[in-house]
Amino acid sequence: MDRKNNVSRRRFLGTSAAAAAGITILPSNTIAGLGHKAPSDKLNIAAVGIGGMGFANLKNMETENIVALCDVDWGYSKRVFDYFPNAKRYKDWRKMYDEMSDQFDAVLVATADHSHAAAAAHAITLGKHVYVQKPLTHSVYESRLLTKLADKYKVATQMGNQGSSGEGVRQACEWMWNGEIGDITKVEAFTDRPIWPQGLNRPKEVMPVPDTLDWDLFIGPAAFREYNSIYTPWNWRGWWDFGTGALGDMACHVLHPVFMGLKLGYPTKAQGSSTLLLTDCAPNAQMVNLTFPEREKQKGVKMNLPEVEVTWYDGGLQPKKPEGWPEGKNMNDAGGGVIFHGTKDKLVCGCYGKDPWLLSGRTPNVPKTLRRVENAMQGGHEQDWIRACKESPENRVQPSSPFSEAGPFNEMVVMGVLAVRLQGLNKELDWDGANMQFTNIGDTDSLRICVEDNFTIKDGDPTFNRVWTDPMNAKAFANELIKHTYREGFTLPDMPA
């Protein structure tokens, strides 16, 4: 197979083993991971996916050495290459890892969602610290894999949900844990996204691929399709093969205080509904309900942790304003919001957990028990990860969104995507989180999904001409959503025991 499109498996495996064995407690003037000194004790950082949010992340990492940049679209990324002229340039991260794995300590991954897991997982097996944009992964299995790999290789990890480092998340959690609103059995959350196209038929027009774009590499592990400019850049978020829609994009920001504050684990039940669901493109608006079982009361937490239902809205939908809501107050704060319904009060916060307040109007006086991150939303989130990279695994203070938390949290997020995509079964789904499987999808259950919505109006006469898939086995379809089959040339490391 062409070297450009295939990483040497023997090189990967050999280097991974050596890197894993080489992780030790290092002197403070040596970078943890590879064990070599970088100039001025700086990390050497490589980046995969730099044209969009990756550029913002890299600017927040400029305290370190940016040594390698990889992107499939050199036109979209030209400004980034120009900004870091001394970094070596690549289109294929596999080639970059093969050629430069002994020259960098850490990797930023900010590609389209479907490419996060492979780039991050192989970096971890090489002993590299990783920072991965949200959502962490495209599937449940990929989230579980990154969680376990990070634990096995003891690298510093961070998901790019920068609000998790912000003051609002910490304050909201401290209020809840102090029992300020009582026990919480219901949470409602929403985002004002999407702000990119969704609910679209798959385009039939085949366009010429721009000279600056390697379309095959953009497709990566997904099934091949012909190029159309609607897919990339940026608009990939709305296409199921590449993105996770509004929920995947924003729930990692909006729901972090929910997952963290309520000490959530795996949901046990999931149900989704939406505007017209299509095979290829995420719907215009969605609602997802996830049920989490009762959790054990934890030391230092004054509230009980009963069964809780978390309901998500997007596409312009919002929860009903609760009784006592201040007249005229916009529920949307910086792109979304959350309402925690407690037995004593209701706590409200915006996207990123920002600006928490109580519906009663009372301002709690609660001690600060959680570590604060300076300038969290202006680069502190990235810098906190860099700080963790330079600490030995034994003495490391974890950053705000390490994979030990971000992995299970992201499973919650992509579970919402599963609930939406399986809504045609017309039942609440029972989820066995430990084994990553639905327990009430039978071997003979089937569903159909709309391929095209050919609604037209001619002379005032509406015509409905929707095209549907043939009935397909629901269990097989669900299993494919849980763990994707990768296209030839793209692989994941094995799941650690």
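A residue is termed buried when its relative accessible area is under 20%. The legends below refer to a predicted model.

**View 1. Surroundings of His341 in strand S11.** In this predicted model, His341 lies in strand S11, which spans residues 336-342. The relative accessible area of His341 is 11%, and because the limit for a buried residue is under 20%, His341 counts as buried. Two polar contacts of its side chain are shown. One is formed with the side chain of Glu188, at 2.9 Å; the other, at 3.1 Å, links the side chain of His341 to that of Lys346. Apart from neighbours within four places in sequence, the residues in contact with His341 are Asp183, Ile184, Thr185, Lys186, Val187, Glu188 and Lys346.

**View 2. The hairpin of strands S11 and S12.** Strands S11 and S12 run antiparallel and are joined by 5 bridges. The hairpin that they form has 3 residues between the strands. Gly337 is placed opposite Gly350 of S12. Strand S12 covers residues 346-350, and 4 of its 5 residues are buried, so the strand is largely enclosed by the rest of the structure.

**View 3. The hairpin of strands S12 and S13.** Strand S13 comprises residues 357-358 and is connected to S12 by 2 bridges in an antiparallel arrangement. Leu347 stands opposite Leu358 of S13. Between the two strands of this hairpin there are 6 residues, and Tyr352 adopts a positive phi near 65° in the hairpin.

**View 4. Helix H11 and the elements that cover it.** Helix H11, residues 380-389, is mostly covered, with 8 of its 10 residues buried. The buried positions are Gly380, His381, Glu382, Asp384, Trp385, Ile386, Ala388 and Cys389. The elements covering these buried residues include strand S1 (44-48), helix H2 (53-59) and strand S4 (106-109). Strand S5 (129-132) and strand S6 (157-159) are also among them.

**View 5. The largest nonpolar core and a second, separate core.** In soluble globular proteins, nonpolar side chains tend to be buried together. The largest nonpolar core of the model contains 116 residues, of which Tyr97, Met176, Leu262, Phe340, Leu422 and Phe438 touch the most other members. Helix H12, residues 403-421, gives the most to this core, contributing 11 residues. A second core, separate from this one, consists of 22 residues, among them Leu43, Phe81, Phe84 and Ala106.

Terms used: Residues are numbered from 1 along each chain as its sequence is written. This is a predicted model: local features need pLDDT of at least 70, side-chain atom pairs count only at pLDDT 80 or more; totals for chains, interfaces and linings use all residues. Side-chain values use heavy atoms; hydrogens and water are left out. Helices (H or I, at least four residues) and strands (E, at least two) are DSSP runs, numbered from the N terminus. Buried means under 20% relative accessible area, exposed over 50%, partly exposed in between (1.4 Å probe, protein chains only). A polar contact is a pair of N or O atoms within 3.5 Å; within protein, one must be able to donate a hydrogen and the other to accept it, and residues adjacent in sequence count only if both atoms are side-chain atoms. Contact means heavy atoms within 4.5 Å. A nonpolar core is a set of buried Ala, Val, Leu, Ile, Met, Phe, Trp, Tyr and Cys residues joined through side-chain atoms within 4.5 Å. Two strands pair if DSSP finds at least two bridges between them.
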